[in-house]
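Here is a set of short exercises to work through with the model open beside you. Try each task before reading its solution.

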Amino acid sequence: MEFINAKTMLTKVKYGNEWYGIDYNMNLYRGCSHGCIYCDSRSSCYRIDNFNVVRGKEKALCILEQEISKKRKKGVIGIGSMSDTYNPKELKYEQTRGALKLILKYGFGVSIDTKSDLILRDIDLLKQINSKNNVIVKFTITTADDGLSKILEPNVCVSSKRLQAIKVLSDSGIFVGIMLNPVLPFITDKPDDIRKLVKLAYENGAKFIHTYLGMTLRDNMRDYYFNQLEQNFTGLKEKYIKYYGNRYNCIVPNYKKLYKIFIDECNKYGILYNMSDIIEAYKKEVKNNEQITLF
């Protein structure tokens, strides 16, 4: 694996209360090999050349320990927002596992975004972190159909494997759920798509599902996505251009109807969907555990 220079690992964020209550953000890798056709990280504004090539960060764990040891506020560190931290290179290099050991050592919490069941390798560390601070794991799942997921996300485990991983984590006491983002217009936006996925989430122990029922399309990423549509969904590129033009936010056409179905299904199964409720729930659980330990 190629390594690139890194001056810093942790970035303080200002949007934490709007995005899972994180305090810091960190990406241990640059680029991603999952090949998801809709990935916004391909956009030129992020300046990631050869996005499909995964690169490590030179002395990432040394830099992280230097930074994390000096932080007075032991908040939640978000991992994987730009590049899935459980890419295939992680099997050998274990940068993510090393980072979790440091997060545990210095008493921080962690919020992980992933599409990979490789996270189960680190369940021992997640449980230990969870006993001291906040832990939340978010699996991106765009469809309950494994065949479709292999088209949309060709180089990562299928949706059923991710759901199984959710079950294992949930049964182990980890607060885990689903990011139903994106919802692809004319592809994964049928009412039955939503109903089926919410039901499967419930059956596998997911505590939450967060969605905005749409996708984003901009510059370089738009070209890549349209090329993939031409290869896999005949006539759909033209339909997107006609309906959305050059729009950035592409909300599904049947948004109001679909969102009501989504809310009704989540309420039926007792699954959280509002961001503020999700944040309150996963942080409250850890506080309760601490109280139980004290008394």
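**Exercise 1. Find which side chains meet in a salt bridge with a spacing of 2.6 Å (N to O), and place the partners in the predicted model.**

Step 1. The side chains that pair are those of Arg-121 and Glu-90. A salt bridge calls for a side-chain nitrogen of Lys or Arg within 4 Å of a carboxyl oxygen of Asp or Glu, and the N to O distance here is 2.6 Å.

Step 2. Now locate the two ends. Arg-121 sits in the loop between E7 and H4, while Glu-90 belongs to helix H2 (residues 90-93), so the pair ties together parts that are 31 residues apart in sequence.

Step 3. Check the cover on each partner. Glu-90 is buried, at a relative accessible area of 0%, whereas Arg-121 is partly exposed, at 25%.

**Exercise 2. Examine Asp-122: is it buried or exposed, and which residues does it contact outside its sequence neighbourhood?**

Step 1. Asp-122 is placed in the loop between strand E7 (109-114) and helix H4 (123-130).

Step 2. Its relative accessibility is 0%, so it counts as buried; the cut-off for that label is under 20%.

Step 3. With neighbours within four places in sequence left aside, Asp-122 is in contact with Tyr-86, Thr-96, Arg-97 and Leu-100. Among these contacts, Thr-96, Arg-97 and Leu-100 are listed with the buried residues of H3.

**Exercise 3. Work out how well helices H3 and H4 are covered.**

Step 1. Begin with H3 (residues 95-105), which is mostly covered: nine of its 11 residues are buried.

Step 2. Name them: the buried set in H3 is Gln-95, Thr-96, Arg-97, Gly-98, Ala-99, Leu-100, Leu-102, Ile-103 and Leu-104.

Step 3. Look just past the end of H3, where Gly-107 has a positive phi of about 75°.

Step 4. Turn to H4, in which Ile-123, Leu-125, Leu-126, Ile-129 and Asn-130 are buried. Viewed down the axis of H4, these buried residues fall within an arc of 160°, so they line one face of the helix.

**Exercise 4. Compare two further salt bridges, Glu-153 with Arg-162 and Asp-264 with Lys-260, then look for a network.**

Step 1. How many salt bridges does the structure hold? The count is 16.

Step 2. Glu-153 and Arg-162 pair through their side chains at 2.8 Å, N to O. Both residues are buried.

Step 3. Asp-264 and Lys-260 also form a salt bridge, with an N to O distance of 2.8 Å. Here Lys-260 is exposed, at a relative accessible area of 53%, and Asp-264 is partly exposed, at 36%. Both lie in helix H10 (residues 255-269), four residues apart, about one turn of the helix.

Step 4. For the network, look for shared partners: salt bridges of this kind join Glu-90, Arg-97, Arg-121, Asp-122 and Asp-124 into one network.

**Exercise 5. Decide how many disulfides the structure holds, and explain why Cys-39 does not bond to Cys-36.**

Step 1. The structure holds zero disulfides.

Step 2. The closest cysteine sulfur to that of Cys-39 is in Cys-36, and the two are 6.3 Å apart, too far for a bond. The cut-off is 2.5 Å between sulfur atoms.

Step 3. Add the cover: Cys-39 is buried, with a relative accessible area of 18%, and Cys-266 is buried as well, at 0%.

**Exercise 6. Trace the surroundings of Met-1 and of Gln-228.**

Step 1. Met-1 is in the segment before strand E1 (3-4), and at 24% relative accessibility it counts as partly exposed.

Step 2. The C-alpha atoms of Met-1 and Arg-55 are separated by 6.2 Å, although the two residues are 54 apart along the chain. Arg-55 is also one of the contacts of Met-1, alongside Tyr-29, Val-54, Gly-56, Lys-89 and Tyr-93.

Step 3. Gln-228 has its place in helix H8 (residues 219-232) and counts as buried at 13%. Beyond residues up to four places away in sequence, Gln-228 touches Ile-37 and Phe-233.

**Exercise 7. Identify which residues form a nonpolar patch on the surface.**

Step 1. The patch is made by Tyr-212, Ile-251 and Tyr-255, with about 240 Å² of accessible area together.

Step 2. Take one member: Ile-251 is in strand E12 (residues 249-251) and is partly exposed, with a relative accessible area of 33%.

How values were computed:
Residues are numbered from 1 along each chain as its sequence is written. This is a predicted model: local features need pLDDT of at least 70, side-chain atom pairs count only at pLDDT 80 or more; totals for chains, interfaces and linings use all residues. Side-chain values use heavy atoms; hydrogens and water are left out. Patches are made of residues with over 30% relative accessible area and no salt bridge: like charges are joined within 9 Å, nonpolar side chains (Val, Leu, Ile, Met, Phe, Trp, Tyr) within 5 Å. Accessible areas come from the Shrake-Rupley method with a 1.4 Å probe; for residues, only the protein chains shown count as cover. Helices (H or I, at least four residues) and strands (E, at least two) are DSSP runs, numbered from the N terminus. Buried means under 20% relative accessible area, exposed over 50%, partly exposed in between (1.4 Å probe, protein chains only). Contact means heavy atoms within 4.5 Å. The arc is that of the directions from the helix axis to the C-beta atoms.
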